[in-house]
Amino acid sequence: QHYIFLSLALFCIGIMGTLMRRNAIVILMCIELMLNSANLLMVAFSKMWNDPSSQVFVFFVMVVAAAEVAVGLAIIVLMYRKVHSVDINILNRLKH
């Protein structure tokens with residue numbers, strides 16, 4: 001039962017970080033924190049119900065998260081090369 005509260009706390013920290021921060025790298029890390037909290041919850045429920053099938057799903061979520069980080073970091077590097085900042089408020093300037 002403690003894993004459920006830990007997962008909830010991690011997910012809330014990830015939501016708050018995503019909504020409040022303006023640094024693209026920190027936002028990416030907070031999204032990863034939310035994905036990992038969902039993985040923790042799925043593993044906890046898998047252990048509680050003795051069902052290993054959700055642990056396989058956790059593995060696929062981790063693969064998708066790794067791909068998301070690779071694409072996200074590539075976009076952040078390109079953004080830094082263009083405007084020399086990783087602040088997401090500067091992205092509004094790129095529209096014009």
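Student: Is Ser85 buried or exposed?

Tutor: A quick caution before that one: we're looking at a predicted model. The way to read burial is to take the relative accessible area and compare it with the cut-off, where buried means under 20% and exposed means over 50%. Ser85 has 17% relative accessibility, so it counts as buried.

Student: Where does Ser85 lie, and which residues is it in contact with?

Tutor: Ser85 sits in the segment after H3. Leaving aside neighbours within four places in sequence, Ser85 contacts Met79, Tyr80 and Ile90. There's a polar partner too: a polar atom of the Ser85 side chain lies 3.1 Å from the backbone nitrogen of Asp87. As for Glu32, 53 residues away along the chain, its C-alpha is separated from that of Ser85 by 21 Å.

Student: What about His84 in that segment, buried or exposed?

Tutor: His84, also in the segment after H3, has a relative accessible area of 58%, so His84 is exposed. Look at its backbone as well: phi is near 55°, a positive value in a residue other than glycine.

Student: Where else should I look for a positive phi?

Tutor: Try the residue just after H2: Asn50 takes a positive phi of about 55°. Asn50 is placed in the loop between H2 and H3, and with a relative accessible area of 69% it is exposed.

Student: Let's do helices. How many residues does H2 have, and what should they span?

Tutor: The idea is to allow 1.5 Å a residue and then check the end-to-end C-alpha distance. H2 covers residues 24-49, which is 26 residues, so it should span 38 Å; its end C-alpha atoms are 38 Å apart, which agrees.

Student: And how far does H3 reach?

Tutor: Run the same check. H3 has 31 residues and reaches 45 Å from first C-alpha to last, close to the expected 45 Å.

Student: Which residue caps the N-terminal end of H2?

Tutor: For a cap, look for a side-chain atom facing a backbone nitrogen at the helix end. Here the cap is Asn23: one of its side-chain oxygens lies 3.2 Å from the backbone nitrogen of Ile25.

Student: How do I read a list of buried residues along a helix?

Tutor: Start with the geometry: an α-helix has 3.6 residues a turn, so residues three or four places apart point the same way. Now go through H2, where the buried residues include Ala24, Ile27, Leu28, Met34, Ser37 and Ala44. In H3 the buried residues are Ser54, Val58, Val61, Ala65, Gly72, Ile76, Met79 and Val83.

Student: What covers the buried residues of H2, and what do those of H3 pack against?

Tutor: For H2, the cover includes helix H1 (2-20) and helix H3 (53-83). For H3, the buried residues pack against H2.

Student: Can we zoom in on a residue of H2? What does Ser37 touch?

Tutor: Not counting residues up to four places away in sequence, Ser37 touches Ser7, Leu10 and Phe11. Ser37 lies in H2, and at 1% relative accessibility it counts as buried.

Student: What joins the side chains of Ser54 and Ser46?

Tutor: A polar contact of 3.3 Å. Ser54 is found in H3, and its 19% relative accessibility means that it counts as buried. Beyond its neighbours within four places in sequence, Ser54 is in contact with Met42 and Ser46. Check the backbone spacing as well: Ser54 and Val43 are eleven residues apart in sequence and 6.9 Å apart in space, C-alpha to C-alpha.

Student: How about Val64, buried or exposed?

Tutor: Val64, in H3, has 57% relative accessibility, so it counts as exposed. Its C-alpha is 9.8 Å from that of Leu35, with the two positions 29 residues apart in sequence numbering.

Student: Last one: which residues form a nonpolar patch on the surface?

Tutor: To read a patch, look at which nonpolar side chains on the surface group together. Here they are Phe11, Ile15, Met16, Leu19 and Met20, with about 500 Å² of accessible area together. Take Leu19 as one of them: Leu19 is found in H1, and it is exposed, with a relative accessible area of 60%.

How values were computed:
Residues numbered from 1 in each chain as written. Predicted model: local features only at pLDDT ≥ 70, side-chain atom pairs only at ≥ 80, totals over all residues. Heavy atoms only, no water. Helix = DSSP H or I, 4+ residues; strand = E, 2+ residues; numbered from the N terminus. Expected span 1.5 Å × (residues − 1). Buried < 20%, exposed > 50% of the residue type's maximum accessible area, 1.4 Å probe, protein only. Contact = heavy atoms within 4.5 Å. Polar contact = N/O pair within 3.5 Å; in protein donor to acceptor, adjacent residues only side chain to side chain. Patch = residues over 30% accessible without salt bridge, like charges linked within 9 Å, V, L, I, M, F, W, Y side chains within 5 Å. Areas by Shrake-Rupley, 256 points an atom, 1.4 Å probe, with all protein chains shown as cover. Salt bridge = Lys/Arg side-chain N within 4 Å of Asp/Glu carboxyl O.
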